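Here is a walk through one protein chain, from a few odd backbone angles to strands, a helix and the empty spaces. Have the viewer open as you read.

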Amino acid sequence: MSVPKYKALLIVCITLFLCGCGQALSEREIVRAVFFARQQGQYSVCLLLADQNNNEDGIHYKTSSARGFTAAQALHRAETTLPGRLYYGLIDLAVLPADADWQTARELGSLLYDKAQPAPELSVFALDTAPHSWAEDAAALYEDMKSVRSEYRLHCGLQQLFTQADCCTVPGYRADSGYDLLLLAKQQPAPYRAAGLAAQLAAVLCGQTDRLYTTYAGGTALCRARIDVTVQDTTVQLHLRDTAFEILTQTGQDLQALFCTELLQAFAALTAERSADFFHLQFWHANLYGPRSPAPAPQLTILWE
């Protein structure tokens with residue numbers, strides 16, 4: 001039985017689309033990550049690409065970097081230095097400058113949005129403040145950030161930069177361990193960078209993870225836990241499951257009580273800024289009681305299950 005002409009034409013079109021109009025994937029420049037940094041009033045952009053011409057065992061990368069007065073100009077220059085056609089369909093990491101504010105995050109997100117489709121696994125991070133050489137550090141940064149994403153079950157997708165009209169949150173890279181979390185608000189000229197337990201609590205409240213794995217008490221203890229979050233008005237309930245404490249330095253203190261104290265302190269610090277609704281608490285209150293009803297101070301309840 002012969003295949004109808006319209007079906008044959010459809011198959012040809014799909015094949016050409018997936019292969020880049022006849023160009024095999026092995027002949028294209030496959031982008032795995034894009035890094036943005038600001039240096040001396042200009043943007044520096046680095047594309048991390050799969051090095052398909054390296055015949056040695058293992059995964060190998062190459063870089064293409066450029067500078068420009070705008071992020072779009074720098075990205076275009078980095079792209080045009082490559083001989084092959086770029087393929088963004090396998091990109092899984094976009095890295096913002098360490099000093100990115102809300103507007104910068106939105107601009108860079110918009111710049112990448114069309115290029116990165118379809119790329120469902122794309123995660124967004126913010127760089128740390130240490131100086132980096134793209135040629136020497138880009139591959140290691142990429143692998144480190146992927147490890148953080150996997151170990152902490154952490155994910156901030158590109159679309160989360162646009163979920164709320166006046167704020168967003170982005171994980172921040174740390175060279176030592178764990179991660180920071182940048183709280184970016186439209187009305188704030190500089191990001192608030194939470195660290196340690198506060199960063200992981202913020203990520204839980206934003207829906208970017210359901211795990212805590214952090215030291216506390218000045219690094220003398222470690223806690224691992226699965227967390228579910230429920231909200232009643234502006235009261236947040238943390239449901240901690242499979243919790244495990246580990247003593248790193250003997251102090252004789254009640255580890256659970258100390259952990260609760262630090263969680264409450266971190267929550268108070270994170271919710272002290274009321275100009276932006278990072279954790280949707282004002283949103284839920286307005287839906288329950290109307291937009292003109294003043295929201296009570298946020299409260300945290302910790303439930304051990």
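## Two residues with positive phi

Arg153 comes out at 47% relative accessibility, so it counts as partly exposed; buried would need under 20% and exposed over 50%. It sits in the loop between α4 (134–151) and β7 (167–173). Arg153 is not a glycine, yet it has a positive phi of about 50 degrees. Bear in mind that this is a predicted model.

Ala217 is another non-glycine with a positive phi, in this case about 55 degrees. Look for Ala217 in the loop between β10 and β11. Buried or exposed, at 16% relative accessibility? Ala217 counts as buried, because 16% falls under the 20% cut-off.

## The β10–β11 hairpin

The loop that holds Ala217 belongs to a hairpin with four residues between its strands, β10 and β11. Strand β10 covers residues 211–216, and β11 takes in residues 221–232. The two pair in the antiparallel sense, over six bridges. If you want a spot to check the register, Thr215 stands opposite Leu222 in β11.

β10 also has two distinct faces. Leu212, Thr214 and Tyr216 make up the covered one, while Arg211, Tyr213 and Thr215 are on the uncovered one.

## A pocket beside β10

What is the volume of the second largest pocket? It comes to about 250 Å³. The pocket is lined by 15 residues, and the closest to its centre are Ser177, Gly178, Gln200, Thr214 and Thr215. Two elements give two or more residues to this lining, namely α5 (196–205) and β10. Thr214 from the covered face of β10 and Thr215 from the uncovered face are thus both on the list of residues closest to the pocket centre.

As for chemistry, the lining of this pocket has six nonpolar, six polar and three charged residues.

## Strand β1 and its partners

Strand β1 (residues 29–39) is mostly covered, with eight of its eleven residues buried. Which strand does β1 join through eight bridges? That is β2 (residues 42–50), and the two run antiparallel. Val34 has Leu47 of β2 as its bridge partner. β1 and β2 form a hairpin too, with two residues between them. In that turn, Gln40 has a positive phi of about 55 degrees.

β1 has parallel pairings as well. With β4 (residues 86–87) there are two bridges, and Glu29 stands opposite Leu86. With β5 (residues 93–96) the parallel pairing runs over three bridges, and here Ala33 has Leu93 as its bridge partner.

## Helix α3, a quick check

Helix α3 (residues 102–113) has twelve residues, which at 1.5 Å a residue should span 16 Å. Its end C-alpha atoms are 16 Å apart, so expectation and model agree.

Which residues of α3 are buried? They are Trp102, Thr104, Ala105, Leu108, Gly109 and Leu112. Seen down the helix axis, these buried residues fall within an arc of 160 degrees, so they line one face of α3.

## A closed cavity

Rolling a probe the size of a water molecule over the atoms shows where empty space is left. For cavities of 30 Å³ or more, the count comes to one. The largest cavity holds about 110 Å³ of space. Of its 13 lining residues, Thr271, Ala276, Asp277, Leu281 and Gln282 are the closest to the centre. Helices α6 (255–271) and α7 (281–289) are the elements that each give two or more residues to the lining.

By class, the cavity lining has seven nonpolar, three polar and three charged residues.

## Two exposed residues and their distant partners

Helix α7 also holds Asn287. At 52% relative accessibility, Asn287 counts as exposed, because the cut-off is over 50%. Asn287 and Asp233 are 54 residues apart in sequence, and their C-alpha atoms are 9.2 Å apart in space.

Ala175 lies in the loop between β7 and β8 (179–185). With 61% relative accessibility, Ala175 counts as exposed. Between Ala175 and Asp144 the separation is 31 residues in sequence and 8.3 Å in space, C-alpha to C-alpha.

Definitions and conventions. Residues are numbered from 1 along each chain as its sequence is written. This is a predicted model: local features need pLDDT of at least 70, side-chain atom pairs count only at pLDDT 80 or more; totals for chains, interfaces and linings use all residues. Side-chain values use heavy atoms; hydrogens and water are left out. Buried means under 20% relative accessible area, exposed over 50%, partly exposed in between (1.4 Å probe, protein chains only). Two strands pair if DSSP finds at least two bridges between them. On a 1 Å grid over the protein atoms alone, a cavity is a set of points where a 1.4 Å probe fits but cannot get out, and a pocket is an open set with protein on both sides within 12 Å along at least five of seven lines; lining residues have an atom within 4 Å of a point. Grid points are joined across faces, edges and corners, and a volume is the space filled by probe spheres set on the points. Ala, Val, Leu, Ile, Met, Phe, Trp, Tyr, Cys and Pro count as nonpolar, Asp, Glu, Lys and Arg as charged, and the others, Gly among them, as polar. The expected span of a helix is 1.5 Å times one less than its number of residues. The arc is that of the directions from the helix axis to the C-beta atoms.
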